[in-house]
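Please review the following briefing on the fold, the nonpolar cores and one buried site of a protein chain.

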Amino acid sequence: MVRSVVRNAPDGPDRNTGVEFSIRKATNEDCERVQCLVISCLNEFGAPFDLNRWDADLVDIESSYVGGALFLAVAPNDDLLGCVGVSPGEDGVMDLKKMYLYPVFRGQGRTHGRRNVRVSLARYA
């Protein structure tokens with residue numbers, strides 16, 4: 001598990017401040033709330049959600065991410081903040097499969113999220 005704190009973004013009062021979170025692997029017990037996150041994000045952009053096609057991996061997370069993982073960013077109270085899914089690609093490179101974050105937690109700095117994803121992947125590799 002990786003712990004981090006999202007710091008204040010200098011621009012805008014709507015930015016979240018001091019949000020502590022941890023990153024962990026998702027299990028099938030997380031399916032419903034990950035689906036809610038994805039639906040929420042897709043609705044923002046008018047994109048469809050389809051459990052029979054491109055979102056089928058969210059029905060059985062554990063089987064869908066064999067060799068990879070769906071990582072969750074969760075607050076200390078276990079609220080879901082976001083997720084990133086990776087699966088094995090060619091030549092030992094992981095492919096980004098999904099990446100969703102509730103809007104209030106976006107815009108906290110370009111490198112913050114990337115760094116946490118890299119650290120998480122390294123710990124679970």
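The points below are grouped by topic.

This is a predicted model, in which local features need pLDDT of at least 70, side-chain atom pairs count only at pLDDT 80 or more, and totals for chains, interfaces and linings use all residues. Residues are numbered from 1 along each chain as its sequence is written, and side-chain values use heavy atoms, with hydrogens and water left out.

**Overall fold**
- The protein chain contains three helices and five strands (DSSP runs numbered from the N terminus: helices H or I, at least four residues; strands E, at least two).
- Read from the N terminus, the order of elements is β-β-α-α-β-β-β-α.
- Of the 125 residues in the chain, 38% are buried (under 20% relative accessible area, 1.4 Å probe, protein chains only).

**Nonpolar cores**
- The largest nonpolar core (buried Ala, Val, Leu, Ile, Met, Phe, Trp, Tyr and Cys residues joined through side-chain atoms within 4.5 Å) has 16 residues, of which Val34, Ile61, Leu70, Leu72, Cys83 and Tyr100 touch the most other members.
- Helix 1, strand 3 (69-74) and strand 4 (80-88) each give two or more residues to this core, and helix 1 supplies the largest share, six residues.
- A second, separate core of 10 residues includes Ile23, Ala73, Leu81 and Val86.

**The site at Asp30**
- Asp30 lies in the loop between strand 2 (19-25) and helix 1 (31-44).
- Asp30 counts as buried because its relative accessibility is 5%.
- Beyond residues up to four places away in sequence, Asp30 is in contact (heavy atoms within 4.5 Å) with Arg24, Lys25, Ile61 and Leu72.
- Ile61, leaving aside neighbours within four places in sequence, contacts residues including Asp30, Val34 and Leu70.

Methods
Buried < 20%, exposed > 50% of the residue type's maximum accessible area, 1.4 Å probe, protein only.
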